[in-house]
Amino acid sequence: MTGSKQTEVSEAPLEPIIGIDLGTTNSLVAYCDERGPRILEGPGGQRLLPSVVRYNEADGGVEAVGREAHTHAVEHPGNTIFSAKRLMGRSVADVRGDLEYLPYEVVEGEHNTARVGIGERLFSPQEVSAVILSELRGWAEEALGTQVRKAVVTVPAYFDDAQRQATRDAGRIAGLQVVRIVNEPTAAALAYGLDSGAGYRVSGIEKKEDGRVSLSTKLNPEACTTETDPPSAIPNPPSQTVAVFDLGGGTFDVSVLRMMQTDQGRVDQVLSTAGDTHLGGDDADRMIIELIQKEVREQFGEQIEFPASTRQAFRNLAEATKIRLSDESSAQIEVDLGVDGGGSPRVYRRTLVRDDFENMITPLVEKTIRCCRDALRSAKCSADDIGRVVMVGGSTRIPLVRRRVEEVFKTDPYTALNPDEVVALGAAVQGSILAGVNRDMLLLDVIPLSLGIETMGGAVSKLVMANSTIPAQATEMFSTYADGQTNIKVHVLQGERELVADCRSLGEFELKGIPPMPAGLPKVEVTFLVDANGVLSVQAVEKRSEKRASIQIVPNHGLTREEVDSMEAASYEHAAEDMAAHRLIDLRNQARLDIRAIEKQLAKVGDGLDARYRAGVEGHVAQVRAMADDKAVDPDRFHEALDAMDKSTVRLAELAITQTLREE
Ligand code: AMP
């Protein structure tokens, strides 16, 4: 494809349309401009607003919103309102099953609608939600520095008309025009650009007649020497079926969607949803609490009491343990239970290993899997029909959940975006489409900046070159630098420059548990895969032990075309100095490896060498070592010294090999 950059006609600033994820437990606000969507933070950098409001019992005024109301909820059970979303647009009869979870009063109001009773007053759930929405609106106005009057708000796919209308009304009370209600799973899919074509993430640049910006590949044949496969772009399918798996703290739902791009724009259809409104991470916490309580009683006697403060400590500990087990294979639990009647300290300690935790929560996870099968059946789909699975909700960080979802849908689920934020980000993308911002965004058909990993000494080894068409795949072998090294850090970078310091860090992960081997022996295969939606998966596998680790990233968030252009220009401008710096890093790495090998050989057969020869070798080694440490070293002289050192050691190497053969 060819094309040229065109100057855009400047227009009046667009009125911002923010995206709001109005959640049962937490709510978020996001905004999308040409850089892509981003979460707007509140005071102190908070990204999540607990969906909790405390009212004054006497006059019905709002006393606290969000974190403050949440933190002191236990002290004000009757006038702290949480989970108002469960009551939106519902009658008391509808929510009877929820009432046992709600410590405040829920009564029947006008038109059979559920109301919250505080003192003498009744509040509609819409009014409570409006307090949350106004708080988020305030965050957005502060962050954007402008008045905000319009929002896209998300709701669960299973919300009926009354619940959707109630959500709109909540917006109106908060002074926000809800320009679109979007299903949460649809928003999650939009955040990943799965609407195939409305794309906010970007690369090339050419304005079409219809005003949309599309691709102009500036193909640089020399830059495209990577083994990128397949070489040509496979266009996004015009429609695809997507599953969205949403497991939060207290609710679970899975939806099957069909996302279609038509001439009239994006159309999405929720083919089915299934779930459980009382299933989530809190259940896993409860299981850990029960385990601790049971074992404490076994150790310190059945009669031991757990006052409210201890129960709260158990809850915090259980959640922290669960979260730790998402990253570690075991977690320590320690509870100080004070002293017993005889004054002896009572401390409960145990290690919970991930395998045991997984066995414990298997029934919960299997419940979600049964729902997935139900959703597939209702959508008249098989797992093979599902192109992508998007993970939403904090509890999808649990490795067992990811594994089981991958097994059922036979595809690596999308986890690159923060699962707590993905719905709000998608709502913001929808907002930008409605506001017309999206027109100026770029479509991702090629990779705008090269992708690679950090290697020893701060150099970047590029695997996928800029302007490769997507999908793209590249694989390279790496190894260890130190003898017995068991971990390798894989730092993923984006950019055209040669040094880590001049590129943009996209994320990093560690490959752990490599069996100890001499430096250079482990074979670590690193694979980059950029799929048709621009999502980058990086996987590292140590071939002997089959140990593997991976990361998923959406690499293009946060860069405008101008920034991509200027990074590219900088790479040309600094090409010579960058290449020199890279060459020096390579020479230093080579020098270190060679010196280490020579020292080993000297230790083995050095005593049998004649003194003059040995002194000569040691002289070369000392010179190369000094040059490796010299920041201002001339690369050509360094190269020559390295060659001379290598030549001087031919005899030494032969002797060492002969000795080794003799030993064998
Ligand atoms: P959400 O309702 O989407 O905000 O999800 C909240 C739930 O996700 C809570 O139960 C958290 O304990 C859980 N959660 C958050 N981070 C993790 C993690 N790293 N591993 C396991 N669960 C997590």
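Me: In what order do the 3 strands of the open sheet that contains β5, β6 and β7 stand?
Reply: In this predicted model, the edge strands of that sheet are β6 (62-65) and β7 (80-82), each of which pairs on one side only. The pairing in the sheet is antiparallel, and the strands follow one another in the order β6-β5-β7.

Me: Which residue of β6 stands opposite Arg54?
Reply: Strand β5, which covers residues 52-55, pairs with β6 in the antiparallel sense over 3 bridges. Neighbouring strands of this sheet are turned by 25° against each other on average, when direction is ignored. Across from Arg54, the residue in β6 is Ala64.

Me: Which helix lies across β5, β6 and β7?
Reply: The helix in question is made of residues 125-144, and its direction is at about 115° to β5. The helix that lies across these three strands is α3.

Me: Which strands stand at the edges of the open sheet of 4 strands, and why is one side of each left without a neighbour?
Reply: The sheet has the order β23-β26-β27-β28 with antiparallel pairing. Each edge strand has a single partner strand, so one side of it has no neighbour in the sheet. From one strand to the next, the twist averages 15°. The strands at the edges are β23 (472-478) and β28 (547-553).

Me: How many bridges join β27 to β28?
Reply: Strand β27 is formed by residues 536-542 and runs antiparallel to β28. One facing pair is Ser537 with Gln552, the latter being in β28. The number of bridges that join the two strands is 7.

Me: Which residue forms a cis peptide bond with Pro471?
Reply: As a general background, most peptide bonds are trans. Pro471 belongs to the loop between β22 (459-464) and β23, and the bond in question has an omega of about 0°. The residue joined to Pro471 by this cis bond is Ile470.

Me: What is the phi of His111, and where is this residue found?
Reply: Most residues other than glycine have a negative phi. His111 is found in the loop between β8 (105-108) and β9 (114-118). Although His111 is not a glycine, its phi is positive, with a value near 50°.

Me: Which residue in the turn of the hairpin formed by β18 and β19 has a positive phi?
Reply: Strand β18 (residues 330-339) and strand β19 (residues 345-353) pair in the antiparallel sense over 8 bridges, and one bridge links Gln332 to Thr351 in β19. Between the two strands of the hairpin there are 5 residues, and the phi of about 85° in the turn belongs to Gly343.

Me: Are helices α12 and α14 roughly parallel or roughly antiparallel?
Reply: Helix α12 (residues 575-605) packs against helix α14 (residues 635-648) at an angle of about 20°, with the axes 11 Å apart. Because angles under 35 degrees count as roughly parallel, the two helices are roughly parallel.

Me: How many nonpolar residues are there in the contact of α12 with α14?
Reply: On the α12 side the contact includes Leu584, Leu587 and Ile595, and on the α14 side it includes Phe638, Leu642 and Met645. Besides 2 polar and 5 charged residues, the number of nonpolar residues is 9.

Me: What is the mean pLDDT of the chain?
Reply: The pLDDT is below 50 over residues 1-12 and also below 50 over residues 197-236. Where pLDDT is low, the predicted coordinates should not be read in detail. For the chain, 88% of residues reach 70 or more, and the mean pLDDT is 85.

Note on methods: Residues are numbered from 1 along each chain as its sequence is written. This is a predicted model: local features need pLDDT of at least 70, side-chain atom pairs count only at pLDDT 80 or more; totals for chains, interfaces and linings use all residues. Side-chain values use heavy atoms; hydrogens and water are left out. Two strands pair if DSSP finds at least two bridges between them. Axes are lines fitted to C-alpha atoms, for helices over the stretch in contact, and angles run from 0 to 180 degrees between N-to-C directions. Angles under 35 degrees count as roughly parallel, over 145 as roughly antiparallel, 65 to 115 as roughly perpendicular and the rest as oblique. Contact means heavy atoms within 4.5 Å. Ala, Val, Leu, Ile, Met, Phe, Trp, Tyr, Cys and Pro count as nonpolar, Asp, Glu, Lys and Arg as charged, and the others, Gly among them, as polar. pLDDT is the predictor's confidence in each residue, from 0 to 100.
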